[in-house]
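Reader: I would like a close look at a single part of this structure, the surroundings of its aromatic side chains, and I would be glad if the account moved outward from there in a connected way.

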Amino acid sequence: STGALAGIQATNTEATGIAHFPNLSLNSAGLKQLAAGDPTTTLVTNSAAFTISALAANKLVLAQQPPASATAGMVLAPALIVQVTDQYGNVISNVSDTISAAQTAGTGGNLNASTASQLVAASSGTAVFSSLYITNAATNVTLTFTDSSLPNPTVRSSAINVSANAAAALKMTQQPSTTAMAGAAFAQQPIVTVTDIYGNPAASY
C-alpha cells in the first residue's frame, strides 16, 4: 500500500526557486519514495527511497474474512487470517502474540463445538485460523478475535449464514400428551424433527 500522504502538498517557490514542504507524513509502513512536480510544466523529480516504520501494536485486523455461507460442522474456507497492526493498519512483523477466536455471544452456539476459545500464535504478526467450524445453523453468525495485550483488543468478523448438515437423526421435539382417553386424539400431538448430527433441523430432508 502506498498509504495516505498528509500535510501541505502544494506550495509556492521562494525567490531562490526553492519550495519547502514543512509537515509531510505517510501512514503506510515500508520502502517509499516521493514524487514532486509542477502541474503547469513537465518538470518532475523523485526523492531518494526511504523507509517508514510501523508504530506500536494497537489493534487486530481481519485480513481474510470468513465465507458468507457455511455448513454446520464443516471447516470455514478459506482460512481466516488475523493480523496485529498499528493504528494505521500496518502489520507488526515482530509480534508473536496468541490470538483467541470464539463465536460471538448471542449467536447461538460454540465455535468448534467447544466453550473454550480457539488459540493461534501469530507468526510475524499474522495468525492463520485454518480449522474453525460452526455447529449451529443460523443467520448472521459472527466470530470475535481477541488479543488482550492490545489497546484495542478485539475485532469481529463479517456475518456467516450457516446451514444445517446432512440429515442424521430423528428428534421428538414435542411429546404426546401424558394422559389420554381411549379412542380420542391426543390433546397434544407428537412432533418429530429430522436433524443433523448437531441437532439442527434438516429442512431439506
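Author: What follows begins with the aromatic residues and then turns to the strands and loops around them. The model is a predicted one, and the values below are computed from its atoms.

A search of the whole structure finds one aromatic pair. The partners are Phe129 and Phe145, which meet edge-to-face, with 5.1 Å from centre to centre and 65° between the planes. Since Phe129 belongs to strand β12 and Phe145 to strand β14, the pair ties together parts that are 16 residues apart in sequence. Phe129 and Phe145 are both buried. Under the cut-off used here, this means that each has under 20% relative accessible area.

The strand that carries Phe129 has two faces: along β12, Ala127 and Phe129 point to one face and are buried, whereas Thr126 and Val128 point to the other face and are not buried. Strand β12 is joined by four bridges to β9 (residues 80–85), and these two strands run antiparallel. Within that pairing, Gln83 is the residue that stands opposite Thr126.

On the side of Phe145, strand β14 (residues 143–146) is joined by four bridges to β10 (residues 98–103), again in an antiparallel arrangement, and Ala101 stands opposite Phe145. Strands β10 and β14 are also part of an open sheet of four strands, whose order is β11-β10-β14-β15 and whose pairing is antiparallel. The edges of this sheet are β11 (118–121) and β15 (154–156), each of which pairs on one side only, and from one strand to the next the twist averages 20°.

Both aromatic residues also belong to a wider nonpolar grouping. The largest nonpolar core has 25 residues, and those with the most contacts inside it are Ile99, Phe129, Leu143 and Phe145. Two or more residues come to this core from each of β7 (59–64), β9, β10, β12, β14 and β16 (160–163), and β9 gives the most, with three residues. For Leu143, the contacts beyond four places in sequence include Leu76, Leu80, Ala102, Gln103, Leu111, Leu132, Ile134, Val155 and Ile160.

Gln103, one of the residues in contact with Leu143, also leads to a polar site. The side chain of Gln103 makes a polar contact with the side chain of Asn136, at 2.9 Å. Asn136 lies in the loop between β12 (126–129) and β13 (138–141), and Asn136 is nevertheless buried, with a relative accessible area of 10%. Apart from residues up to four places away in sequence, Asn136 touches Gln103, Thr107, Gly108, Gly109, Val141, Val162 and Asn200.

Asn200 in turn leads to Thr195, because Asn200 is among the residues within 4.5 Å of Thr195, together with Ala166, Ala167, Ala168, Ala169, Lys171, Pro201 and Ala202. Thr195 sits in strand β18 (residues 191–195) and is buried, with a relative accessible area of 5%. Ile197, by contrast, is placed in the segment after β18 and is exposed, with a relative accessible area of 61%. Beyond four places in sequence, Ile197 touches Ala166 and Ala168, and the C-alpha atoms of Ile197 and Ala166 are separated by 7.9 Å although the two residues are 31 residues apart along the chain.

Conventions: Residues numbered from 1 in each chain as written. Predicted model: local features only at pLDDT ≥ 70, side-chain atom pairs only at ≥ 80, totals over all residues. Heavy atoms only, no water. Pairing = 2+ DSSP bridges. Axes fitted to C-alpha atoms, helices over the stretch in contact; angles between N-to-C directions. Buried < 20%, exposed > 50% of the residue type's maximum accessible area, 1.4 Å probe, protein only. Polar contact = N/O pair within 3.5 Å; in protein donor to acceptor, adjacent residues only side chain to side chain. Phe/Tyr/Trp six-rings, centres within 6.5 Å; stacked < 30°, edge-to-face > 60°. Core = buried A, V, L, I, M, F, W, Y, C linked by side-chain atoms within 4.5 Å.
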